[in-house]
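Q: Please take a close look at a single part of this model and describe it in detail. I would then like the account to continue into the surrounding elements.

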Amino acid sequence: MALGYYFGQFYNKDWTAPQRKRLFNRIGLAALIAFIIIRFLNIYGEVLPWEIYETKMQTVMSFFNLTKYPPSLLFLLATLGVSILFLANSENWKGRLSNFFSVFGRVPFFYYVVHIYLIRILASIAAELTGFGWEMMIQNTIEIQLGNYGFGLPVVYMVWIGIILVLYPLCRWYDNYKMNNREKWWLSYL
């Protein structure tokens, strides 16, 4: 988030779009190159060293198995490198898809708060329907044995896309509400 505030200075009138694109591409590529070099050395930047396995896919998965909480240096280099490259090359995108995602960009904290509650409710329903009981979703203890609770990646992706589609109208409404009520200064924080 701090990096986002810092990068805001590159959008003032002193920077042209081509200058910004060139700078962001350099930063993004440098971050990804640093990630590859440091990860390949396997001695710094990540708690879990990568290993060579019987199959190439397992080895690749081991290479990209990064620590998100707390974020390791390599996690930050990989994710921010890709994000900065995306930022560099998507500034002038126009159209319906761009407009769709811009809504979420204008109300990020609102989306974040609402989606956390929606995910928690959906997870409680899934836990109940799969025999684990919804109560396990409100217990905050490490001692819970989840066993086979959860779903495969295709279901997770469908839920992810579904949450975005379900929350879009609410986020669009809030975005319009924010724009039409600029005198309510506190709306800019939500």
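A: **A loop and the elements around it**

Pro-70 is placed in the loop between α3 (56–63) and α4; helices (H or I, at least four residues) and strands (E, at least two) are DSSP runs, numbered from the N terminus. This is a predicted model, in which local features need pLDDT of at least 70 and side-chain atom pairs count only at pLDDT 80 or more, while totals for chains, interfaces and linings use all residues. Residues are numbered from 1 along each chain as its sequence is written, and side-chain values use heavy atoms, with hydrogens and water left out.

The peptide bond leading from Tyr-69 into Pro-70 is cis, and its omega is near -15°. Another backbone feature belongs to the loop between α2 and α3, where Asn-42 is found. Asn-42 is not a glycine, yet its phi is positive, near 65°. With a relative accessibility of 26%, Asn-42 counts as partly exposed; buried means under 20% relative accessible area, exposed over 50%, and partly exposed in between (1.4 Å probe, protein chains only).

Between these two loops comes helix α3, which contains Ser-62. Ser-62 counts as buried because its relative accessibility is 9%. Residues up to four places away in sequence aside, Ser-62 touches Arg-39, Pro-49, Trp-50, Glu-51 and Tyr-53, where contact means heavy atoms within 4.5 Å.

The loop that holds Pro-70 joins α3 to α4, and α4 (residues 73–89) in turn packs with α2: their axes come within 8 Å and cross at roughly 155°. Here axes are lines fitted to C-alpha atoms, for helices over the stretch in contact, and angles run from 0 to 180 degrees between N-to-C directions. The crossing angle makes α2 roughly antiparallel to α4, given that angles under 35 degrees count as roughly parallel, over 145 as roughly antiparallel, 65 to 115 as roughly perpendicular and the rest as oblique. The crossing of α2 past α4 is left-handed, a term for a near helix turned anticlockwise from the far one by less than a right angle, with right-handed meaning clockwise. Among the residues that make this contact are Phe-24, Gly-28, Leu-32 and Phe-35 of α2, together with Leu-74, Leu-77, Gly-81 and Leu-85 of α4. Thr-79 is also part of α4. Thr-79 counts as partly exposed, at 31% relative accessibility. In space Thr-79 is 9.6 Å from Gly-28, C-alpha to C-alpha, although 51 residues separate the two in sequence.

Further along the chain, helix α5 (residues 96–106) has Phe-100, Val-103 and Phe-104 buried. They cover an arc of only 95° around the axis, which puts them on the same side of α5; the arc is that of the directions from the helix axis to the C-beta atoms. An α-helix has 3.6 residues a turn, so residues three or four places apart point the same way. The packing partners of the buried residues of α5 are α6 (108–129) and α7 (153–180).

The axes of α5 and α7 are 9 Å apart, with a packing angle of about 65°, and the crossing is left-handed. Phe-100, Val-103, Phe-104 and Arg-106 of α5 make this contact, with partners in α7 that include Ile-164, Leu-167, Tyr-168 and Cys-171. Val-103 counts as buried because its relative accessibility is 3%. Apart from neighbours within four places in sequence, Val-103 is in contact with Tyr-168, Cys-171 and Arg-172. The C-alpha atoms of Val-103 and Arg-172 are 6.0 Å apart, and in sequence these residues are separated by 69 places.

Helix α7 also meets α6: the two axes come within 11 Å and cross at roughly 145°, in a right-handed crossing. On the α6 side Phe-110, Val-114, Leu-118 and Leu-122 are among the residues involved, and on the α7 side Ile-163, Leu-167, Leu-170 and Tyr-174 are among them.

As for confidence, the chain averages a pLDDT of 88, and 92% of the residues score at least 70; pLDDT is the predictor's confidence in each residue, from 0 to 100. Of the elements, helix α2 (residues 17–41) has the highest mean pLDDT, 96, and helix α1 (residues 2–7) the lowest, 86.
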